[in-house]
Amino acid sequence: MHGKSWSPEAIDTKVPSVARMYDFLLGGDDNYQSDRDACEQLLKQVPSSRVLAVNNRRFLQRVVRTLAEDYGIRQFVDHGSGLPTQNNVHQIAQAVDPDSRVVYVDNDPIVLAHGRALLEENDRTAVIQADMRDTDGILGHEETTRLVDFGRPVAALFVSVLHCIPDEDDPAGLVRRVAERLAPGSFLVVCQLVSDRPEIRRFVTDFMAEATGGHWGRVREEHEVTEFFHGLQILEPGLVEVSTWRPDTELAPVQQTDEWIEWGGVGRLV
């Protein structure tokens, strides 16, 4: 890793990972040269990618704070959580109520190792290694059942991850399966990469699929993401480019180009 010598045998450091590329775009150190090279190639074609990553992370933080403060949510399941950084979900939620419970889910073994090290002394938070498509395995995992009471409202997070799910694996169906397991008053937070430009959708989809060894789905269009919210009550301001979802500052970086955006919002089960 950048600045580190640790390299688990299970990790192929020559193949970029979405989680580590995201870490690099956020200015983190938990990435390899292959991840940095892939990001540099991506930035040449879609230069807004770094600002997009920052704004997406800030959206996640605002959503968690809003759900904890304004809606009393004390249980969070973060699908495709990525590598730990500053102001993680558990830190924001537990600042509102120290008894808040958080389960992080990711299939990258580096996320598992770093997350468990970070949370070693936090018994109200867990990290599990799983494919986010395995709803039964995730919600039935011993750590999930230890922490989460599914008879009470839960926030299920799918933040900037569903573009990693190919169409044949039915990302809308994945969100629906999770929703079916949650109590009324629960929330689903969903956003993913979209573009109204066919050449950008084609380039990024092909580039990321090749770079990550097939661990990618598709850059979609806004109307396709709308389907993920079927049957949910969508919170104001609706489905939007995420930097405009209840902004708490005017100092956030502005996305100078719009070749692609992160688009989505928050839906409530009623």
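**From the loop at leucine 83 through the helices**

Leucine 83 is placed in the loop between β1 and α4, where helices (H or I, at least four residues) and strands (E, at least two) are DSSP runs numbered from the N terminus. The model is a predicted one, in which local features need pLDDT of at least 70 and side-chain atom pairs count only at pLDDT 80 or more, whereas totals for chains, interfaces and linings use all residues. Residues are numbered from 1 along each chain as its sequence is written, and side-chain values use heavy atoms, with hydrogens and water left out.

With a relative accessibility of 8%, leucine 83 counts as buried, a term that means under 20% relative accessible area, with exposed meaning over 50% and partly exposed in between (1.4 Å probe, protein chains only). Once its neighbours within four places in sequence are set aside, leucine 83 is in contact with Ala19, Arg20, Asp23, Asp30, Ile110, Val111 and His114, contact being defined as heavy atoms within 4.5 Å. Leucine 83 and aspartate 106 are 23 residues apart in sequence, and their C-alpha atoms are 8.8 Å apart in space. A further pair joins separate parts of the sequence: aspartate 29 and threonine 85 are 56 residues apart along the chain and 9.8 Å apart in space, C-alpha to C-alpha. Aspartate 29 lies in the loop between α1 and α2 and is partly exposed, with a relative accessible area of 41%.

The two helices on either side of that loop also pack on each other. The axes of α1 and α2 come within 9 Å and cross at roughly 70 degrees, axes being lines fitted to C-alpha atoms, for helices over the stretch in contact, and angles running from 0 to 180 degrees between N-to-C directions. The two helices are therefore roughly perpendicular to each other, on a scale in which angles under 35 degrees count as roughly parallel, over 145 as roughly antiparallel, 65 to 115 as roughly perpendicular and the rest as oblique. The crossing of α1 and α2 is right-handed; a crossing is so called if the near helix is turned clockwise from the far one by less than a right angle, and left-handed if anticlockwise. On the α1 side the contact is made by Arg20, Met21, Phe24 and Leu25, and on the α2 side by residues including Ser34, Asp35, Leu42 and Leu43. By class, this contact of α1 with α2 has 7 nonpolar, 1 polar and 4 charged residues, where Ala, Val, Leu, Ile, Met, Phe, Trp, Tyr, Cys and Pro count as nonpolar, Asp, Glu, Lys and Arg as charged, and the others, Gly among them, as polar.

Helix α1 also packs with α3, at an angle of about 95 degrees and with the axes 9 Å apart, which makes α1 roughly perpendicular to α3. Here Tyr22, Phe24 and Leu25 of α1 meet Ser49, Arg50, Ala53, Asn56 and Arg57 of α3, and the residues of the contact divide into 4 nonpolar, 2 polar and 2 charged.

Helix α3 (residues 49–71) in turn packs with α4 (residues 89–96) at an angle of about 25 degrees, their axes 9 Å apart, and α3 and α4 are therefore roughly parallel to each other. Their crossing is right-handed. Among the residues that make the contact are Leu60, Val64 and Ala68 of α3 and Val89, Ile92, Ala93 and Val96 of α4. Within α4, Val89, His90, Ile92, Ala93 and Gln94 are buried, and the buried residues of this helix pack against α3, β1 (75–79), β2 (101–106), α5 (109–118), β3 (125–129) and β4 (155–159).

After β4, the loop that leads to α8 (171–180) contains serine 160, whose phi is near 55 degrees, a positive value in a residue other than glycine. Serine 160 is buried, with a relative accessible area of 15%. Aspartate 170, in the loop between β4 and α8, likewise has a phi near 55 degrees, but aspartate 170 is partly exposed, with a relative accessible area of 35%.

In helix α9, the residues Ile200, Arg201, Val204, Thr205, Phe207, Met208 and Ala211 are buried, and its buried residues pack against α1 (18–25) and α2 (33–45). Glycine 213, which follows α9, has a positive phi near 70 degrees. Farther along, the peptide bond from glutamate 236 to proline 237 is cis, with omega near 10 degrees, and proline 237 lies in the loop between β6 (233–234) and β7 (240–241).
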